[in-house]
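Here are my notes on this model, jotted down as I went through it. Have it open next to you while you read.

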There are 2 protein chains.
Amino acid sequence: MLVRSAGDAKGIAYAQGVQKRVVIGPRDGAPNFVMRIFDLEPGANTARHAHDFEHEVLVLSGRGVLIDGEGGETPLQPMDAIFIAPDETHSLRNAGSETLQFVCLVPSRGEDTP
Amino acid sequence: MLVRSAGDAKGIAYAQGVQKRVVIGPRDGAPNFVMRIFDLEPGANTARHAHDFEHEVLVLSGRGVLIDGEGGETPLQPMDAIFIAPDETHSLRNAGSETLQFVCLVPSRGEDTP
């Protein structure tokens, strides 16, 4: 078993104003799914996209919105859990003045960080 | 997709001083893994056990210890990520004076809440 401060995991520039850290993954021997933590600067957003695997997300800090395939927005706050099913178009945006931080889990095949 | 405040998920008494909430699971259509949130009162611990599936854990608040199969203790604080591989004996205990809260993900077959 291992214990690792999430802040010690290497940050990867993922998009403009978006940092990703893989905190538990295949390199640790994780056999099925991967834990990543995202930090979005105020105003930043993840790409609007869809893929054939799910996201399970928990908002840790900040304020944001979840944007669906029709552009509909759902507000997000800390301790909101988000389930995005396979093939659902989605994006997350920081709608507040502080960093929006969330943990996002995907099946192993959904994470391609080497 | 769905957004749900973790606090709205039904709490289940899991052990003495331990509450579990399934916040994303098979009933939501989650195909592979399940997000649960645990709250441990000061002094409470999860059962010392092992099973043939992994845990991926992120500590959200409080102070605790992770106890391994030999009784070794690793301190835990917020934003510590824990990977417990299949078949590793483990327990978590609240070693602080506030609630120890963590999110713990398992493969679907590891969660039996109906």
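**Notes on the two-chain model**

1. Starting with the interface: ten residue pairs are in polar contact between chain B and chain A, counting pairs with both residues at pLDDT 80 or more. Do keep in mind throughout that this is a predicted model. On the side of chain B that touches chain A, the elements giving two or more residues are β1 (2-5), β3 (18-24), β4 (33-40), β5 (55-61), β6 (64-68), β7 (73-76), β8 (80-84) and β10 (100-107) of chain B.

2. How many salt bridges does the rule find across the interface of chain B and chain A? The number is zero. Over all chains, though, the structure holds twelve salt bridges. I come back to several of these further down.

3. Now the area. Chain B and chain A bury about 3,300 Å² between them, and 71% of that is on carbon and sulfur atoms. Within chain B, the residues losing the most area to chain A are B:M1, B:F33 and B:F83, which together make up 25% of what that side buries. As for residue counts, 41 residues from chain B and 41 residues from chain A take part in the contact.

4. On symmetry, a turn of 180° with a shift of 0.0 Å along the axis lays chain B on chain A, with an RMSD of 0.0 Å. The two copies are thus related as by a two-fold rotation axis. Both copies use the same surface, as 100% of the contact residues of chain B recur in chain A.

5. Next, the core. The largest nonpolar core has 31 residues, and the members touching the most other members are A:M35, A:L58, B:M35 and B:L58. Take B:M35 and skip anything up to four places away in sequence: on the chain A side, B:M35 touches A:E56, A:V57, A:L58, A:A81 and A:L105. Within chain B, the list for B:M35 is B:R21, B:V22, B:V23, B:I24, B:V103, B:C104 and B:L105.

6. B:L60 is worth clicking on too. This residue is in strand β5 of chain B. Is B:L60 buried or exposed? B:L60 is buried, because its relative accessible area is 17% and the cut-off for buried is under 20%. Leaving out residues up to four places away in sequence, B:L60 touches A:L58, A:L60 and A:M79 from chain A, plus B:P78, B:Q101, B:F102 and B:V103 from chain B. If you want a distance to check, the C-alpha atoms of B:L60 and B:G17 are separated by 17 Å, with their positions 43 residues apart along the chain.

7. Over in chain A, look at A:R21 and A:D39. They form a salt bridge, with the closest N and O atoms 2.8 Å apart. A:R21 comes from strand β3 (residues 18-24) and A:D39 from strand β4 (residues 33-40) of chain A, so this pair links distant parts of the chain, 18 residues apart. Both ends are buried: A:R21 has a relative accessible area of 9%, and A:D39 has 14%.

8. A:Q101 joins this group. Its place is in strand β10 (residues 100-107) of chain A, and the residue is buried, with a relative accessible area of 13%. The side chain of A:Q101 makes a polar contact with the side chain of A:D39 at 3.0 Å. Neighbours within four places aside, A:Q101 is in contact with A:R21, A:I37, A:F38, A:D39, A:V59, A:L60 and A:S61, and also with B:M79 from the other chain.

9. Chain B has a salt bridge between B:R21 and B:D39, again with 2.8 Å between the closest N and O atoms. B:R21 lies in strand β3 and B:D39 in strand β4 of chain B, so the pair ties together parts 18 residues apart in sequence. B:R21 and B:D39 are both buried.

10. Last one: B:E111 and B:K20 meet through their side chains in a salt bridge (3.1 Å, N to O). B:E111 is in the segment after β10 of chain B and B:K20 is in strand β3, so this pair ties together parts that are 91 residues apart in sequence. B:E111 is buried at 9% relative accessible area, and B:K20 is buried at 4%. In chain A, a network of salt bridges links A:K20, A:R36 and A:E111.

Terms used. Residues are numbered from 1 along each chain as its sequence is written. Chains are lettered from A and ligands numbered from 1 in the order in which they are written. This is a predicted model: local features need pLDDT of at least 70, side-chain atom pairs count only at pLDDT 80 or more; totals for chains, interfaces and linings use all residues. Side-chain values use heavy atoms; hydrogens and water are left out. A nonpolar core is a set of buried Ala, Val, Leu, Ile, Met, Phe, Trp, Tyr and Cys residues joined through side-chain atoms within 4.5 Å. Buried means under 20% relative accessible area, exposed over 50%, partly exposed in between (1.4 Å probe, protein chains only). Contact means heavy atoms within 4.5 Å. Copies are superposed by least squares on the C-alpha atoms of residues with pLDDT of at least 70 in both. Helices (H or I, at least four residues) and strands (E, at least two) are DSSP runs, numbered from the N terminus. A polar contact is a pair of N or O atoms within 3.5 Å; within protein, one must be able to donate a hydrogen and the other to accept it, and residues adjacent in sequence count only if both atoms are side-chain atoms. Buried area is the accessible area (1.4 Å probe) that two parts lose on being put together, summed over both. A salt bridge is a side-chain nitrogen of Lys or Arg within 4 Å of a carboxyl oxygen of Asp or Glu.
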